[in-house]
Amino acid sequence: MRLGCCYYPEHWPEDMWADDARRMVDMGLTRVRIGEFSWARIEPEPGCFDWDGLDRAIAVLGEAGLGVILGTPTATPPKWLVDSMPDMIAIDRDGTPRKFGSRRHYCFSHQGYRAESARITRAMAERYGQNPHIVAWQTDNEYGCHDTVQSFSDASRAAFRHWLAARYASISALNAAWGNIFWSQTYRSFAEIDLPNLTVTAANPSHWLDFRRYASDMVVAFNREQTNILRALSPGRDIMHNYMGFFTEFDHHDVGTDLDVAGWDSYPLGFLEQFWFSDADKLRYARQGHPDIAAFHHDLYRGCAGGRWWVIEQQPGPVNWARYNPAPLPGMVALWTIEAMAHGAELVSYFRWRQYPKAQEQMHSGLLRPDSVTDQGGVEARQAADLIARIGVVTAARADVALIFDYPSDWATQIEPQGQGYRALRTAFEYYTALRENGLSVDIVRNAADAADHALVVAPCAMLIDEAGAAEYGALSGALVLGPRSGSKTPVLTIPAKLAPGPLADLIPLTVARVESLRPGLTEALASPLGGHVHGWLEYVETALTPRLTTANGRGVWYQHGRVHYLAAKVDADSLRTILASAARDAGLAPQSLPSGLRLRRSGTHLFAFNYTPDPVDLSMLTIPAGTQRIHGDPILAPAQFAVWRTTDG
Ligand code: GAL
């Protein structure tokens, strides 16, 4: 695994570049990402290119021994471009235009901006496509950041109508599929269909889901226009895009089909603060991040572009954008780095090289302080480089468990949560946590077809399933755990004719006759021996099967039919862990209950343990396979420390 950093030569006097490059190399870095916000510098006036600065920056960095990852600059269209084409601006859900003055102010559906994106990409690729220092490209920067996938513009409306016409062929087919007889929503032509925002009360959920699919397809098309140009003009270089954390606005599997490498931007402390975690977890893990945040995304994005993935932005210290921005515990930057290695990353690149004392991110730390003194992140990057060399090559291995997560199911739960906060993404994360607390390694995959070889397959909330999808589940050889809401909707977001779990009922004979969602505090006790509780969601199941677990008043919660399990409720975290451990044992796996906040990860050659807890952990309590040799870490693992074993089969 390599290390790198994100660098903005345009922020610093040119006479600093050579020394910066030398210090990067001394720190153990071999890659540097540049250029993704440089449009105003390289094309200061329409059609007038000034390449000199970027030419020299690439030369200085490359000659120092760094491979350069060059970003196309389309996340920051310059002022002159916006002024020449004001309707390229994205329009938010309230109908308000997004203004110039930060970034990502463009609409993915605007053909004029799409042409500009292709033009600047081609200009850069013609200039640098064959440059020996360029090893890879990044397309744009963080598609969708700052809520910019959905745009409610005139361009979107027109293109959405074409997209619907291509999908449904006739307006009567669309009316029937969406159920537009309801509330007199019937359309006479595609030209009558508007975008689903600003309706008096909720728009038709099928309308929303198609708009979400359409908006995602626009991101795919935008990205593909760039990758086609880059592939033609810069052969042999990897093409990557940087995905975000807990972000599902576009289908990352679809975008990934055009990439060589899925990149992602890992900010464990910022994500902990900004997302759904309890106050107790936010305090317990404030300086480490929740133990599954980085790992969940490593495993998710490993499945998005054929297996290759990078952390292209790694948090190096306090960030500026969360509600609160604590500093990581000493050791965490190195731990996050080695954890990425354990999950199969080819590169970890820190964001950013040096803290920039001006503009929006002046409070965001870097590897260096603004006065160029090496900050804690830089110290730990150097330590990580030494550790990577000591650990050696880490080969991949199929994980114990495949966890299925698909983006359209998450859109479906956002459109129709039915109980506040019920989301496929969050459910996937909670099941992932339960599996990892059992010491299991996980591959996150898009569908059952990608889980054919796993001993255990878990689908926490695969809502939208048609007959073909159900057949893929039927073909699995491993044990299968289906979470509540599985197969509960058709791909157009309507209730299937046979009710939930739709065509999955061929795998386990039951019908979900009714569902209820439960507000916080409204719970149902589980029968002994588990003794936990149902919260949030409970289904009423009709079946001849005898449940393996019921609520205290006899309602079925866990059903099993051969190798297929169905969970008809959300249960507390301990109960979920126990249920999944039992399913894993039935599947021939060897789960082990880990101290909370400790995580194990097995590769083909190594075993890793990461201590996210604020307390020391005694590793002698772990079941470590015979013949392994500990090559790093103490037997009592201090907070923010990790251990590495070499396994004999490597
Ligand atoms: C990312 C983004 C970077 C920078 C960073 C700050 O979302 O790609 O440009 O803004 O966050 O943490």
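This briefing covers the ligand site, one sheet and some backbone features of the structure above. The model is predicted. The ligand takes up the space of the largest pocket. The protein buries 95% of the 310 Å² that the ligand exposes when taken alone. Elsewhere, 7 strands form an open sheet with mixed pairing. Two peptide bonds described below are cis: Ala500 to Pro501, and Ser528 to Pro529.

**Ligand shell**

- Aromatic side chains around the ligand include Phe37, Tyr267, Trp321 and Phe351.
- Acidic residues around the ligand include Glu142, Asp265, Glu313 and Glu361.
- Arg103, Asn141, Asn242 and His364 are also among the residues around the ligand.
- By class, the shell has 5 charged, 4 nonpolar and 3 polar residues.

**Polar contacts to the ligand**

- Trp321 has a side-chain N or O atom 2.8 Å from an oxygen atom of the ligand.
- For Asn141, the distance from a side-chain N or O atom to a ligand oxygen is 2.9 Å.
- For Tyr267, the corresponding distance to a ligand oxygen is 3.4 Å.
- Of the 310 Å² exposed by the ligand alone, 95% is buried by the protein.

**The open sheet**

- The strand order is E10-E9-E11-E12-E18-E17-E16.
- Strand E10 (442-445) and strand E16 (549-550) are the edges; each has a single partner strand, so one side of each lacks a neighbour in the sheet.
- Inside this order, E11 is followed by E12. Strand E11 spans residues 456-459, and strand E12 spans residues 479-482.
- E11 and E12 pair in the parallel sense, over 4 bridges.
- Val457 stands opposite Leu480, which belongs to E12.

**Cis peptide bonds**

- The bond joining Ala500 and Pro501 is cis, with omega about 0°.
- Pro501 sits in the loop that runs between E12 and strand E13 (511-517).
- The bond from Ser528 to Pro529 is also cis; its omega is near 10°.
- Pro529 lies in the loop between strand E14 (523-525) and strand E15 (533-542).

**Positive phi**

- Asp147 is not a glycine, yet its phi is positive, at about 60°.
- The loop that holds Asp147 lies between strand E4 (134-138) and helix H6 (154-168).

Terms used. Residues numbered from 1 in each chain as written. Predicted model: local features only at pLDDT ≥ 70, side-chain atom pairs only at ≥ 80, totals over all residues. Heavy atoms only, no water. Near = heavy atom within 4 Å. Polar contact = N/O pair within 3.5 Å; in protein donor to acceptor, adjacent residues only side chain to side chain. Areas by Shrake-Rupley, 256 points an atom, 1.4 Å probe, with all protein chains shown as cover. 1 Å grid on protein atoms, 1.4 Å probe; cavity = no way out; pocket = protein on both sides within 12 Å on 5 of 7 lines; lining within 4 Å. Sits in = over half its atoms within 2 Å of the grid points. Nonpolar A, V, L, I, M, F, W, Y, C, P; charged D, E, K, R; others polar. Pairing = 2+ DSSP bridges. Helix = DSSP H or I, 4+ residues; strand = E, 2+ residues; numbered from the N terminus.
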